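Subject: The structure I promised you

Hi,

Here is the structure we talked about, so that you can open it before reading on. My notes on what turned up follow below.

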Amino acid sequence: MAERISLLIDNQTVSVPIGTLVVDAAKLVGIDIPVFCHHPKMEPVGMCRLCLVEIGRPVRDRTSGELVKDETGAVKVAFSGKLETSCTTQVSEGMVVKTTTPEVSEARNSMLEFLLTSHPLDCPICDKGGECPLQNLTLRYGPGISQFPYDDKKHLAKELPLGELIILDRERCIQCGRCVRFQHEIVDDPVLQFRARGRSMEIQTNSDPGFDSIFSGNTTDVCPVGALTTVDFRFGARPWELRQVASICTQCPVGCNITINLRREVKSGGGATIKRIMPRQNEQVNEIWICDKGRLGHHFVESERRLTQPLIRKDGELVPASWEEAYQLVEDQLRAENTRLVTLAGGRLANEDLFNLFQLTDSKRGKPVLYSQMAGGDLTAQIGLSAGSNLGEMGKGSVILVIASDLHQEAPIWWLRVKQAVKRGATLIVAGARPTRLEKYATHVLRYKYGEEAAVLAAFSHSSDVNNENRAAVEALSAAEDGVIFYGSDGLGLTGSEHLAKACARLIVDHKFYGRKNNGLIAVWDAANTQGAWDMGFRPDRNLKGTLREADLLLVAAADPAGDDPAFAKAVQEADFVVVFELFMTATAQLADVVFPVLAQPEREGSFTSGERRAQRFNRVIERRDGPRPDYEISGHIARLMGLNLEEKSPVLVMNQIASKVPAYSEVSYTTMSAVSPQWPIIGRADMYYGGTSYDNKEGLGVSLPSAADRGEELSLGALIFTDSPAETSAGLRLIPVTALYDRGQMLQDTIQLALRLAPQALLMHPVTAAVYGVQDGEMVQVSTSQWEMEYSILVNDSLPEDVALVTRSNGLPVQAPIFVQIQRQRKGEGD
Amino acid sequence: MLKGLFTTLKMALEKPVTIQYPEHKRPVSTRFKGRHTLKRYDNGLEKCIGCSLCSAACPADAIFVEAAENSDEVRYSPGERYASTYEINMIRCIFCGYCQDACPTEAIVLGDQYELSFRDRFTSIYTKEALLEAVPDGVQTTPQKTLPNQFNRSVPVMENPKD
């Protein structure tokens, strides 16, 4: 523990660690020192001069070094002649700080008056009006009138789009530099800068497309005025009209805590509409940040494409039916003798849905299948990240190994947290087949060829035959006290993922990186609740096609196999009776015999288990629409018709059943998931000037699940060996699936704001590979396998490995695992 | 008795106090607070910028505003923002005039109209179309097509009160 220092702020004694800034020390004891440029997550700059205070330091005798005392015996304190900026001054022993003297008030008053000379005061139309630190601090500390002529205000064009997502109003900007510093220091996307000086200083972006950062929305939160606004919320509502409901982001396995802002609108018939998504503080998960996908990706909820009533197949057509009819049909199928039941569930479902579906399937001796291309959930449940771990605490002495994952695209907030751990002194080893954004911060970079993931990890066990670069990484891993391994699905199908997960688990076991805080294995899952699905009993299936084909009764929930791969579509067609739980009319739903419309995540309650294995609850944000029902209710009702004792009324009751059946969840309930504890920095509505407009967390930090190792259970990890799946060889070009943040999945289709940022629909290849196949950059080609044939374009990039082509998942081509394809140039003159 | 009859006679010859409503209407005082009107500038643009401050000031929660963005092609009001929906529920309204006080552009004014009657709750909700005053003669109604940078200020430049 760092050495502590005590000082006196406004006659209150404060004890804080050495190195703390005066402004933060004051905040700790509830004394507000107004700031604009200071942010507790960023380095101090002292630009706004609003935090001026009187600071006195004890006087020491120059010769003896003793503290000088006055007549009464008290230590003599000398105040400097001028006010000091409390945001750049670190505390020192015996310091005396005065924040309420007339001089301080006068200084604040003048600073605010001066800032307002070039502020347009268009609060009535400003999106920040009502939650604006400038507005609040002016009311509290500022002058009522200005001595400066109103006509001298600078006038610039109001709207200056920095990109298609963020709009800048230069008049409102008070040049605090928080956005610039956020982009430079925190997310290392230095796309914003100041231009010119003095009163003409402006923010500008130097990237193409403008403001090219996946974290850009956070700048609107830290902006202390309405200079930066998102297109999504522009003029959407006044902040005081909004209601707040806590939720969990559904877009990736990080499980960012969010607060959804709503208000009643005409377009929803007087019902609540989601107006914006804001980060909710959880220092152990997402701190106070979220990525733009999470911030803008909510539009699917209000999509026109949503299903509203059950459909059943009559005379070959799907026709609307009542719930009773639909339930009856499914019940009849379930009651038939020797029904081979297969349940295919996606990681988008909540724990409660998955539990009910699993129990229903299990009671019929059916096969519960997880629709995922990643393996290893059984391993993460046993030797995964231990309870109470916090990536935000990892630093010196820790090692983080990231393999086969482009964290920046797969789980942006983890990327941020790993990067920050490196800043605090952690050792980062990145192993990848292609360069990723994370490698910039890596102490050691290991490069392998796609398909040799486990082989590269094997080096860590047999340190004898490794080259020099790898030896350093191997030694770093062996020397570390704490270790976390992230593995992803970059270029891997299910088989490859199984081998990689086992190899990672072997390393964890060999180095004893489990069963202790800040140690363990983390899978960068492909969906928000894939870990929960494993915990509830679902397992992916290597022979999914065969399993689907042989099913007598196939239940598909939150998965669209037919839409993802024509081969699966054929298999689903061969299944005898298909029941689909869906939000949208997907390709699988079109093949179904019964389609149940389900509620979207913000329309219902439930819980997700994040990749760090933190069970977190989400609330019902908007009123349940008529028609659709939640998945747990539908599956629970069917189970009850079958005579099973499952809950259908409330996810709270389902969670009680989960707690009694799944050991890791024994401590989990809706009450424990809602527990909160004080967090630093202090964020919240009353402290917007300090931490920005992110929401404070009053609704629950979630429960960090203990791994089997934490619980002291005997581990059954199976044979953990370093082998890769046998390399397939075939004629043609090897396509490698990778994950991009902005893909063309169902959930992102309604977010038109991101249309320009979607991953290119192209085969990414090295120029040499392109030359081999005789194709050029930007050209359209015919891509085909024995199953399908599609048109796709080519993008050439010389940082990629040779001999393969990369393709983004959920982006048009049905590529889940590495496959071989034929590509053919299109004949000239065609299609023009 | 004669005295009484005389009074009656005197009153009968005087001008009547009552007026023949609805044929005749009594003028109201200048400070009368009747039904709201949404004002326009002389050029026909709406004064309302959809800031929702009237709604925030309203003690009866009678006002509902939704805003949207202006463009030079489709312009309703000066500046970037206009009210795409503006509704006042007249049965809720208590005619206190706080909305008028809160308005930064003097767009909403409690006028001299007092004839408010409804057959059901829905007709008591006055929409923007009902509340907006007519455009001055010879001026195009909103939305207008305007020149770039002609109307880029939402709130007119404020002046200190003259009196």
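Which elements of chain A do the buried residues of H20(A) pack against? Keep that in mind while you turn the model around, and remember that this is a predicted model.

Helix H20 of chain A covers residues 631-641, and nine of its eleven residues are buried. Among the buried ones are A:Tyr632, A:Ile634, A:His637 and A:Ile638. They pack against four helices and strands you can find by number: helix H7 (323-335), helix H8 (351-363), S24 and strand S25 (577-582), and also against strand S26 (594-597) and helix H21 (651-661) of chain A.After the helix comes A:Gly643, with a positive phi near 85 degrees.

**The overall layout**

Chain A splits into domain 1 (4-100), domain 2 (311-372 + 532-649), domain 3 (377-524) and domain 4 (733-825). Notice that domain 2 is written as two stretches of sequence. The centres of domain 1 and domain 2 of chain A, taken over C-alpha atoms, are 61 Å apart.

**One loop residue to look at**

Try A:Ala551, in the loop between helix H16 (544-550) and strand S24 (553-557) of chain A. Is A:Ala551 buried or exposed? It is buried, because 26 other C-beta atoms lie within 10 Å, and 20 are enough to count as buried. Beyond its neighbours within four places in sequence, A:Ala551 is in contact with A:Arg340, A:Val342, A:Ala575 and A:Asp576. A:Thr343 is 208 residues away from A:Ala551 in sequence, yet their C-alpha atoms are 9.2 Å apart in space.

**The cores**

In soluble globular proteins, nonpolar side chains tend to be buried together. Here the largest nonpolar core has 250 residues, and those touching the most other members are A:Val35, A:Ala345, A:Val418, A:Cys504 and A:Leu554. Helix H14 (residues 494-510) of chain A supplies the largest share of this core, eight residues. Leaving out residues up to four places away in sequence, A:Cys504 touches A:Ile403, A:Leu457, A:Ile485, A:Tyr487 and A:Leu521. There is also a second, separate core of 30 residues, which includes B:Phe64, B:Ile88, B:Cys99 and B:Tyr126.

**Where the chains meet**

How many residues of chain B are in contact with chain A? There are 17, and they touch 13 residues of chain A. On the chain B side, helix H2 (53-57), strand S2 (63-69) and strand S3 (81-89) each give two or more residues. S2(B) gives the most, with four. By type, this side of chain B has eight nonpolar, five polar and four charged residues.

**Two bits of sheet**

Strands S27, S28 and S29 of chain A form an open antiparallel sheet in that order. Strand S27 (606-609) and strand S29 (703-704) are at the edges with a single partner strand each, so one side of each has no neighbour in the sheet. Strand S28 (residues 614-618) pairs with S29(A) over two bridges, and A:Ala615 has A:Val703 in S29(A) as its bridge partner.

For a parallel pair, go to strand S20 (residues 427-432) of chain A, which four bridges join to S21(A). Opposite A:Arg447 in S21(A) stands A:Gly432. In a regular strand the side chains alternate between the two faces of the sheet. Strand S21 (residues 444-447) has A:His444 and A:Leu446 on its covered face, with A:Val445 and A:Arg447 on the uncovered one.

**Backbone oddities**

Most residues other than glycine have a negative phi, and most peptide bonds are trans. A few places here go the other way:

- A:Asp208 and A:Pro209 are joined by a cis peptide bond, with omega about 5 degrees. A:Pro209 is in the loop between strand S10 (202-205) and helix H5 (217-222) of chain A.
- A:Trp680 and A:Pro681 are also joined by a cis peptide bond, with omega about 0 degrees. The loop that holds A:Pro681 runs between H21 and helix H22 (688-691) of chain A.
- A:Ala404 is not a glycine but has a positive phi of about 55 degrees. It is in the loop between strand S19 (398-403) and helix H10 (407-410) of chain A, and it is buried, with 27 other C-beta atoms within 10 Å.
- B:Asp61, also not a glycine, has a positive phi near 50 degrees. This residue is in the loop between H2 and S2 of chain B, and it is exposed, with 11 other C-beta atoms within 10 Å.

Have a look around and write back with any questions.

Cheers

Conventions
Residues are numbered from 1 along each chain as its sequence is written. Chains are lettered from A and ligands numbered from 1 in the order in which they are written. This is a predicted model: local features need pLDDT of at least 70, side-chain atom pairs count only at pLDDT 80 or more; totals for chains, interfaces and linings use all residues. A residue is buried if 20 or more other C-beta atoms lie within 10 Å of its own, exposed if 12 or fewer, and partly exposed in between; C-beta atoms are placed from the backbone. Two residues are in contact if their C-beta atoms, placed from the backbone, lie within 7 Å. Domain bounds come from an automatic or database domain assignment. Two strands pair if DSSP finds at least two bridges between them. A nonpolar core is a set of buried Ala, Val, Leu, Ile, Met, Phe, Trp, Tyr and Cys residues joined through C-beta atoms within 7 Å. Ala, Val, Leu, Ile, Met, Phe, Trp, Tyr, Cys and Pro count as nonpolar, Asp, Glu, Lys and Arg as charged, and the others, Gly among them, as polar.
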